[in-house]
Amino acid sequence: MVAEVMAELAALEDPKARAVNEKHGDDHGVNLGKLRAIAKRLKTQQDLARGLWETGDSAARLLALLICRPKAFGRDELNAMLRDSRTPKVHDWLVNYVVKKNPHSEELRMAWTTDPDPVVASAGWALTTERVAKKPDGLDLAGLLDVIEAEMKDAPDRLQWAMNHCLAQIGIEHAEYRARAIGIGERLEVLKDYPTSPGCTSPFAPVWISEMVRRQQDAKPA
């Protein structure tokens, strides 16, 4: 079955798509819409997912993450998978589609956040951002802002991006910390000049926070 799926993925390889993806550090040339269509057809198949992951092929791994059972993975297994996620898209899908739904997510969040590997640490910060938005009880938000203020400016790109997202989420979701979050963003100026397409919100935290809060207020009934 793995061989059949690999052949199907190979037939979908598009050199133009690969060229675009490679600019973002990814090494696959399969259209993600077509990949999702295959996943919809295959439905959940944990054994096949594990087989596809073991090929090491990025397109196969993305498909594996769509057809797996997130709760079926052990803590050590997910830790190994994250460290073996060579490309940004595989890393992001693993965290967002699998780890966030796994019972070991909180253990992994705490372990990864302080990992010396900045890519692994970025996964911990992504999980922290999820908690800031959905389950903030028990989080030391002021302590998180202390770390962000001290470390985000000089952090490697992917870790910096994840910390910045957490900064923005704290400012958006928690009014009592909003002024401090905006102040940190203004002082550090991280992603201040990031090119933003028309109609999209800037990732610069002060702008991001202000825009999302405005939208929340506009959505409230008069």
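Biologist: Let us start with a single residue. Where does Lys135 lie?

Modeller: Lys135 lies in the loop between helix 9, residues 118-134, and helix 10, residues 141-151. Please bear in mind throughout that this is a predicted model.

Biologist: Is Lys135 buried or exposed?

Modeller: The reading rests on relative accessible area: under 20% is buried, over 50% is exposed, and values in between are partly exposed. Lys135 has a relative accessible area of 61%, so this residue is exposed. As for its place relative to another part of the chain, Lys135 and Leu82 are 53 residues apart in sequence, and their C-alpha atoms are 23 Å apart in space.

Biologist: I should like to set this loop in the whole fold. How many helices and strands does the protein chain have?

Modeller: The protein chain has 13 helices and 0 strands. Read from the N terminus on, the order of elements is therefore α-α-α-α-α-α-α-α-α-α-α-α-α.

Biologist: How does one judge the overall dimensions, and what radius of gyration does the protein chain have?

Modeller: One compares the value with that of a compact globule of equal chain length. For 222 residues such a globule would have a radius of gyration near 17 Å; the protein chain has 19 Å, which agrees. Along its principal axes, the C-alpha trace spans about 55 × 40 × 40 Å.

Biologist: What share of the residues is buried, and what share of the contacts joins residues 24 or more positions apart?

Modeller: Buried residues account for 44% of the 222 residues. Among contacts with a separation of 6 or more, 63% join residues 24 or more positions apart. On the outside, the protein chain exposes about 11,700 Å², and carbon and sulfur atoms supply 52% of that area.

Biologist: And how far apart are the mean positions of the positive and negative charges?

Modeller: The chain carries 31 positive and 33 negative charges, and their mean positions are 6 Å apart.

Biologist: I turn to aromatic side chains. How should a ring pair be read, and which kind is formed by Trp93 and Tyr97?

Modeller: Two rings pair if their centres lie within 6.5 Å; planes under 30 degrees apart count as stacked, over 60 as edge-to-face, and the rest as tilted. By this rule the model has 2 aromatic pairs. One of them joins Trp93 and Tyr97, with 5.1 Å from centre to centre and 40° between the planes, and is tilted.

Biologist: Why are Trp93 and Tyr97 separated by about one helical turn?

Modeller: Both belong to helix 7, residues 88-98, and they are 4 residues apart there, which explains the separation of about one helical turn. Their accessibility can also be read: Trp93 is buried at 5% relative accessible area, whereas Tyr97 is partly exposed at 25%.

Biologist: Backbone angles next. What sign of phi should one expect, in general?

Modeller: Most residues other than glycine have a negative phi. Lys43 has a positive phi, near 60°, and is not a glycine. Lys43 is placed in the loop between helix 3, residues 32-42, and helix 4, residues 46-54, and is exposed at 59% relative accessible area.

Biologist: Where is Glu189 placed, and what is its phi?

Modeller: Glu189 is in the loop between helix 12 and helix 13, the latter being residues 205-219. Glu189 likewise has a positive phi, of about 60°, although it is not a glycine. Its relative accessible area is 41%, which makes Glu189 partly exposed.

Biologist: Which residues are in contact with His174, leaving aside its neighbours within four places in sequence?

Modeller: They are Val132, Pro136, Leu141 and Gln169. His174 is itself in the loop between helix 11, residues 157-173, and helix 12, residues 178-188, yet it is buried, at 10% relative accessibility.

Biologist: Finally, how does separation along the chain relate to separation in space for Asp157 and Pro118?

Modeller: Asp157 and Pro118 are 39 residues apart along the chain, and 8.8 Å separates their C-alpha atoms. Asp157 is in helix 11 and is exposed at 64% relative accessibility. In helix 12, Gly183 is buried at 13%. Gly183 and Ala205 are 22 residues apart in sequence and 9.4 Å apart in space, C-alpha to C-alpha. For His174 and Thr44, 130 residues in sequence go with 37 Å in space, C-alpha to C-alpha.

How values were computed:
Residues numbered from 1 in each chain as written. Predicted model: local features only at pLDDT ≥ 70, side-chain atom pairs only at ≥ 80, totals over all residues. Heavy atoms only, no water. Helix = DSSP H or I, 4+ residues; strand = E, 2+ residues; numbered from the N terminus. Rg over C-alpha atoms; globule rule 2.2 N^0.38 Å. Buried < 20%, exposed > 50% of the residue type's maximum accessible area, 1.4 Å probe, protein only. Contact = heavy atoms within 4.5 Å. Areas by Shrake-Rupley, 256 points an atom, 1.4 Å probe, with all protein chains shown as cover. Lys, Arg positive; Asp, Glu negative; His and termini not counted. Charge placed at Lys NZ, Arg CZ, Asp CG, Glu CD. Phe/Tyr/Trp six-rings, centres within 6.5 Å; stacked < 30°, edge-to-face > 60°.
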